[in-house]
Amino acid sequence: MRTDTGHVFKLEDYRPSDYLIPRTSLDFRLSPDATHVTALLTIERREGVAPTAPLVLDGDALTLLGVAIDGHALAAGDYEATPDRLTILKPPAAQCFELRLETEIAPSRNEALMGLYRSNNVYCTQCEAEGFRRITYFLDRPDILSVYTVRVEAPHNEAPLLLSNGNPVERGALANGRHYAVWHDPFPKPSYLFALVAGALGKVAGSFTTMSGREVELGIYVEPGKERLAGYAMDALKRSMKWDEDAFGREYDLDVFNIVAVSDFNMGAMENKGLNVFNDKYVLADEETATDADFANIEAIIAHEYFHNWTGNRITCRDWFQLCLKEGLTVYRDHEFSADQRSRAVKRIAEVRTLRAHQFPEDQGPLAHPVRPRRYREINNFYTATVYEKGSEVVRMIRTILGPELFRAGMDLYFERHDGQAATIEDFLKVFEDVSGRDLAQFALWYHQAGTPNLTVSSTHNAAAREFILEIEQSVPPTPAESRKRLMHIPLAFGFVGADGKPVTWAAVEGATVDDGVIHIRKRRHTVRFSGVSERPSVSLNRGFSAPITLSVQQKADDQFFLAAHDSDPFSRWQAFNTLLTDALIAAFRQILDGKEPVFAARLAELAGRVACDEALEPAYRALALALPGESDIARDIGKGIDPDAIFAAREALARIIAETNRDAFSALYDSLADNGPFSPDAASAGRRALRNILLDYLSLLPEGAALAARSVILVAALAVLAHRHSGTAEAEQALAAFEARYRGDALVLDKWFQIQAGVPGAQTVDKVRALMQHPAFSIANPNRVRSLIGTFSSANQTGFHRPDGEGYRLFAETVLEVEKRNPQVAARLATALRSWRSLEPGRQAKAKQALLDMAKVENLSADLRDIVERTLA
């Protein structure tokens with residue numbers, strides 16, 4: 001475990017390495033405790049580099065068995081070796097030479113799950129970001145592209161399946177029951193994309209014919225007996241391959257494409273060239289127990305990793321500061337895929353909810369950083385919502401600014417110009433400048449500057465002059481290391497809605513560039529004058545969430561109610577209703593703090609009823625509209641002095657008013673949505689179930705609610721409603737016990753059981769979580785199990801985690817430190833749950849700070865965790 005936290009990597013310090021490794025040959029003799037790795041590396045010195053320049057290779061906890069150059073073993077004085085570095089002091093004078101390295105590693109003892117590890121008797125690799133150096137010494141950086149040939153050898157009875165990147169070349173039997181397989185990947189790739197899997201796994205086979213007529217063999221490998229659960233993943237893979245051809249002209253380039261599902265995995269999945277490795281929760285789905293969110297996630301993540309074949313693999317990032325170049329761009333692509341497969345409006349709202357729940361708090365707290373960071377101490381800690389989700393929004397804004405045709409032309413040029421290269425953000429923006437002739441220098445600040453911009457907007461209407469005026473001012477709040485911000489280019493999509501619900505047009509506009517329904521905000525203040533507007537319209541702003549910003553709009557509640565009923569833009573219509581709900585909840589929060597009963601406008605609950613029963617809206621959209629803003633969303637908008645108990649009380653009070661006001665309508669609609677036919681994961685069916693589930697959540701607040709939820713408890717969603725709304729009741733306890741007894745042998749389903757209980761609101765959940773950590777099925781070494789229990793408790797249970805006496809923080813800190821002993825990466829990601837501790841009321845704030853200080857004072861803390869804790873405290 002690395003504890004060297006002092007070194008800070010800076011973007012401005014980037015320089016190409018002195019050496020290249022154009023070809024890499026690896027030979028693995030697999031053994032749980034002593035895997036022997038032989039690496040044959042073709043080393044080339046860059047032009048202009050002195051022959052005396054040492055060759056310095058990265059390592060991590062390696063045991064070196066031998067080193068030779070051009071077939072000759074090196075003397076002890078010719079190199080320096082530590083577990084974390086190998087330095088060849090006197091490389092040959094020749095421009096090119098061959099370096100042979102022999103190392104030994106112990107996969108079964110690798111609980112960090114980085115490099116080569118063994119889980120459930122399956123050998124597996126995870127090399128992003130810097131895991132390859134745990135396998136052999138290497139120039140482990142993304143700009144070192146190499147063609148790999150890999151030979152894997154193992155006992156046949158232990159590992160009948162031997163996989164690596166690329167295409168299969170050769171396989172055969174050996175003496176003593178052993179066998180081997182050789183794989184070759186003809187496309188140069190960085191070491192973080194290397195992959196190896198070996199074990200006894202079942203296969204779901206398929207095929208895909210590319211647009212040029214090539215037949216690609218598809219394989220999804222899972223634990224034996226679970227093959228039937230991978231059917232939806234295979235279907236999603238084929239749809240992804242076809243969509244990428246249609247939408248971006250990208251054809252798959254190898255003869256085989258394999259996916260392997262493993263149960264111990266730090267991430268969601270990994271895009272290794274031709275051999276994607278997945279957390280099995282994003283591959284396996286049982287129609288009886290998988291939620292619609294599970295199916296949607298499988299579809300999206302299968303697509304995401306496949307799309308990386310071009311945006312990440314064929315074109316990779318020059319250095320880790322460019323991480324968003326592959327991740328943000330690929331998130332954009334998978335969002336577009338899901339929008340085309342499902343409902344574009346519903347998908348867009350879901351994306352924004354995720355961005356606001358995860359990225360906005362990141363931008364507003366101590367962990368804020370630009371989409372392209374300028375410095376880091378531990379790169380694993382920058383796989384963040386800012387890089388992924390905000391990075392996706394930046395790509396979407398490019399499309400908004402240029403339009404779909406120029407955006408597609410720019411992407412085509414990007415693939416043509418940079419195929420086989422390690423690229424930068426500047427390379428990416430340049431192709432769009434070249435195809436459009438536009439200067440994107442100001443827009444590039446979205447990559448370079450942290451923080452969420454805010455637009456303050458007011459409007460006036462001069463009826464006599466038939467002029468409508470928008471006053472718009474932009475600001476970006478200070479973030480760590482950035483107190484002064486530069487002005488952004490913000491594409492603000494908008495529309496005017498008349499009293500009849502129809503669009504209001506204008507004759508001319510001045511004060512800003514306006515095209516295709518978008519105001520281009522480039523200055524601090526804009527006075528935008530629209531002439532020829534005879535009636536005062538309601539203003540619909542940031543339509544489609546055209547920019548990841550916050551809005552401070554001087555707008556009457558009557559306008560918000562009107563837009564919630566009439567706005568033609570689906571996102572803005574949802575946003576208007578969501579804003580009304582948020583404003584009402586914040587007012588109720590303040591009333592509760594003042595010791596008063598919260599009061600809500602009757603028309604708000606009535607509007608919820610009209611939205612629920614509006615057959616012109618698709619069910620999935622109605623379900624999202626009816627979902628109250630989350631407790632963390634409300635806390636973010638309040639800003640300071642957060643009392644999670646008061647926020648929870650405000651939400652419960654509003655939910656109860658909505659349920660009581662619409663009792664009959666909700667009950668009738670709930671009954672009408674019953675589906676007695678065979679299960680289907682399609683979007684329309686999922687939407688009906690989503691609406692029925694949100695209605696059940698409301699109806700469970702009524703006196704008959706517990707019985708209604710108990711009757712529906714075959715569904716995971718209904719079990720969550722029963723456990724959360726009626727915690728401690730006989731119905732809830734019996735349902736939880738029955739669920740555990742039925743599914744205790746299914747790890748993925750049991751994760752849901754842990755997750756549901758970790759999310760039960762209230763002070764008592766701290767003790768419940770402690771008890772569940774003693775459950776025979778809980779393992780501190782399994783990332784999925786830790787995330788389902790501790791991750792849910794700390795990130796999704798505001799009242800339990802933020803218990804006033806600080807017990808939730810103490811449990812959290814103890815557990816994070818225990819996880820860190822095995823898996824620093826998972827521990828560091830858990831620790832981000834305290835990123836907003838300064839926004840809490842003083843009592844909780846002091847206790848949260850103490851938990852962070854308790855972690856910070858631990859000696860030999862990993863680089864991963866110390867980085868998060870110290871930045872959170874800074």
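In this predicted model, the buried residues of helix 24 are Glu807, Gly808, Tyr809, Leu811, Phe812, Ala813, Thr815, Val816, Leu817, Val819 and Glu820. Put as a count, 11 of the 14 residues in helix 24 are buried, and the helix is mostly covered. The cover over these buried residues includes helix 21 (765–772), helix 22 (783–796), helix 23 (798–801), helix 25 (824–831), helix 26 and helix 27. The length of helix 24 (residues 807–820) can be checked too: the distance from its first C-alpha to its last is 20 Å, close to the 20 Å expected at 1.5 Å a residue.

Helix 3 (residues 323–341) invites a similar look. At 1.5 Å a residue, its 19 residues should span 27 Å, and the C-alpha atoms at its ends are indeed 27 Å apart, so expectation and model agree. Helix 3 is also largely enclosed by the rest of the structure, because 17 of its 19 residues are buried. Turning to helix 18 (residues 716–725), the buried residues there are Val716, Ala718, Leu719, Val721, Leu722 and Ala723. Helix 16 (683–699), helix 17 (705–711), helix 19 (730–743) and helix 20 (747–758) are among the elements that cover them. It helps to recall that an α-helix has 3.6 residues a turn, so residues three or four places apart point the same way.

Next come two pairs of helices that pack against each other. Helix 6 (residues 404–418) and helix 7 (residues 425–436) meet at an angle of about 125°, and their axes are 8 Å apart. This angle makes helix 6 oblique to helix 7. Their crossing is right-handed. On the helix 6 side, the contact is made by Leu406, Phe407, Ala409, Gly410, Met411, Leu413, Tyr414, Arg417 and His418, while helix 7 supplies Asp427, Phe428, Lys430, Val431, Phe432, Asp434, Val435 and Ser436. Sorted by class, the residues of this contact comprise 10 nonpolar, 3 polar and 4 charged.

The second pair is helix 10 (residues 570–593) with helix 11 (residues 602–613), which pack at an angle of about 150° with their axes 11 Å apart. Here the crossing is left-handed. Phe577, Leu580, Leu581 and Ala584 of helix 10 meet Leu604, Leu607, Ala608 and Val611 of helix 11. What classes of residue make up this contact of helix 10 with helix 11? There are 8 nonpolar residues, with no polar and no charged residues.

The loops hold some details of the backbone that reward a closer look. In the loop between strand 4 (55–58) and strand 5 (63–69) sits Ala61, a residue other than glycine with a positive phi, near 60°. Is Ala61 buried or exposed? Its relative accessibility is 52%, so Ala61 counts as exposed. Asn860 is found in the loop between helix 26 (842–856) and helix 27 (863–873). The phi of Asn860 is positive as well, near 55°, and this residue too is not glycine. Asn860 is exposed, with a relative accessible area of 58%. A further backbone detail belongs to the peptide bond from Glu128 to Ala129, which is cis, with omega near 5°. Ala129 lies in the loop between strand 11 (122–126) and strand 12 (146–155).

Two prolines in loops complete the picture. Pro83 belongs to the loop between strand 7 (79–82) and strand 8 (85–88). With a relative accessibility of 45%, Pro83 counts as partly exposed. Leaving aside residues up to four places away in sequence, Pro83 touches Gly59, Asp60, Ala61, Leu62 and Tyr137; Ala61 is the residue with the positive phi described above. Pro83 and Glu153 are 70 residues apart along the chain, and their C-alpha atoms are separated by 24 Å.

Pro366, in turn, occupies the loop between helix 4 (344–363) and strand 23 (375–376). Its relative accessibility is 15%, so Pro366 counts as buried. How far apart are the C-alpha atoms of Pro366 and Arg838, which are 472 residues apart along the chain? The separation is 9.3 Å. Arg838 is also one of the residues that Pro366 touches, together with Pro480, Arg835, Arg871 and Thr872, again not counting residues up to four places away in sequence.

Methods. Residues numbered from 1 in each chain as written. Predicted model: local features only at pLDDT ≥ 70, side-chain atom pairs only at ≥ 80, totals over all residues. Heavy atoms only, no water. Axes fitted to C-alpha atoms, helices over the stretch in contact; angles between N-to-C directions. Helix = DSSP H or I, 4+ residues; strand = E, 2+ residues; numbered from the N terminus. Parallel < 35°, antiparallel > 145°, perpendicular 65-115°, else oblique. Left-handed = near helix turned anticlockwise from the far one by under 90°. Contact = heavy atoms within 4.5 Å. Nonpolar A, V, L, I, M, F, W, Y, C, P; charged D, E, K, R; others polar. Expected span 1.5 Å × (residues − 1). Buried < 20%, exposed > 50% of the residue type's maximum accessible area, 1.4 Å probe, protein only.
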